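Hi everyone, thanks for coming. I'd like to walk you through a structure that may be new to you, so please have a look at the screen.

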Amino acid sequence: MIRRPPRSTPLYSSAASDVYKRQAPDYVDAERIVFFALGDQGSGRYRQHGVSWLMERECQSDSAVNFSLLLGDNFYPEGVNSVDDPLWQKYFESAYDGPCLSGMPFFAMFGNHDHMGNIDAQLAYARQQRGSGRWQMPDKFYTQDFGRVGERTLLRLFVIDTLLPMPAQLQMIKDGLAKDEAVWTALASHHTARSFDEVYGDNPAWIDEVRSLGIDLYLSGHAHNLQLIAKAEEPLYIVSGAGGKRPYGVTQSDELLFGRASLGFVKLSLDAESLAIEFSALDLGGRGSFRVSRDCMEKTSIASCVESH
């Protein structure tokens, strides 16, 4: 059963706007970072707006959310043509215009459907600070640091595009890992490495490369569902491709700690001691909460440190 906002009342009341309208907290020097991650959201239809409603509700209940991470396929079916394409308003600006979401940056990457259009227009929209100025895309692939713990970066995020040549991107990751020691490291790509969905499944060749990097988290979209996958001696895989398209079915596995064929998103909260992962789905009972202790990871692989909450 899908939960939808009541049709008899406005999605955001004026009272809610007055109370909750705010700028997201700074993510540069924060000792705790909280963000939403979702992909395959750019449909411009009721599915996308339903997830946006759920995100806005969660954002209003947690004032610590710093930003959102868009995992690609930002504009179906064939990307955008220019910075003036009307899809910017329909699929992004007005899709996430609640009083809380309207005050936070959205870091984005390309998906395969974005490559069918003008990907340079998505870069230009960010560089020219078009629209609300929330769209953040520093380059076709990039490294972004979030938060500080003493002299250390709290989260180092590597955003890549597996449809582009990989040597320079892999070198960027290796250089970023060697630069200094971040408390948490994450790699984000539109395409999955591991996935227990009924359409794509695993990408064995890419898994070997990901495993060799030694990162903590791998975030992806592409598979239209929500998943948390833990496999020994590998990063923790988070699939969050349920932002706006019809969900894909999920297959069963002991390594699949959470799997939901539903629309929704994931919220991640990180500090020096732990990582919290919270899935929010639009169907009833669609929440899943997990925690990873940094102390545990000093003794064993991250896959063995995931606790359900």
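Let's begin with a small puzzle: which residue in S10 does Leu-219 stand opposite? The residue is Ile-238. Before going on, please keep in mind that what you see is a predicted model.

Now, where does that pair sit? Strand S8, residues 217-220, and strand S10, residues 236-240, run alongside each other in the parallel sense, paired over 4 bridges. As general background, strands of a sheet pair through backbone hydrogen bonds, and the pairing can be parallel or antiparallel.

Let's step back to the whole sheet. It is an open sheet of 7 strands, and if you follow them across, the order reads S5-S6-S7-S8-S10-S9-S11, with mixed pairing. At the edges stand strand S5 (142-149) and strand S11 (256-260); each has a single partner strand, so one side of each is left without a neighbour in the sheet. On average, neighbouring strands here are turned by 15° against each other, ignoring direction.

Next, please find helix H5, residues 167-179, which packs on this sheet. Which strands does H5 touch? The helix touches S5, strand S6 (152-159) and strand S7 (184-189). The direction of H5 makes about 175° with that of S6.

Let me turn to the disulfides. How many are there? The count comes to 2. If you number the bonded cysteines in sequence order, they pair as 1-2 and 3-4.

One of the disulfides is formed by Cys-59 and Cys-100, with sulfur atoms 2.0 Å apart. This link is left-handed, with -60° about the S-S bond. What does the pair tie together? Cys-59 belongs to helix H2 (residues 46-61), while Cys-100 is in the loop between helix H3 (87-93) and strand S3 (106-108), so the link ties together parts 41 residues apart in sequence. Are these two cysteines buried or exposed? Both Cys-59 and Cys-100 are buried.

Then there is the disulfide that joins Cys-296 to Cys-305, where the S to S distance is 2.1 Å. Its torsion about the S-S bond is about -85°, so this disulfide is left-handed. How do its two ends sit? Cys-296 has 22% relative accessibility and therefore counts as partly exposed. Cys-305, on the other hand, is buried, because its relative accessible area is 3%, and buried means under 20%.

That's my tour. Thanks for listening, and I'm happy to go back to any part on the screen.

Conventions
Residues numbered from 1 in each chain as written. Predicted model: local features only at pLDDT ≥ 70, side-chain atom pairs only at ≥ 80, totals over all residues. Heavy atoms only, no water. Pairing = 2+ DSSP bridges. Helix = DSSP H or I, 4+ residues; strand = E, 2+ residues; numbered from the N terminus. Axes fitted to C-alpha atoms, helices over the stretch in contact; angles between N-to-C directions. Contact = heavy atoms within 4.5 Å. Disulfide = S-S within 2.5 Å. Buried < 20%, exposed > 50% of the residue type's maximum accessible area, 1.4 Å probe, protein only.
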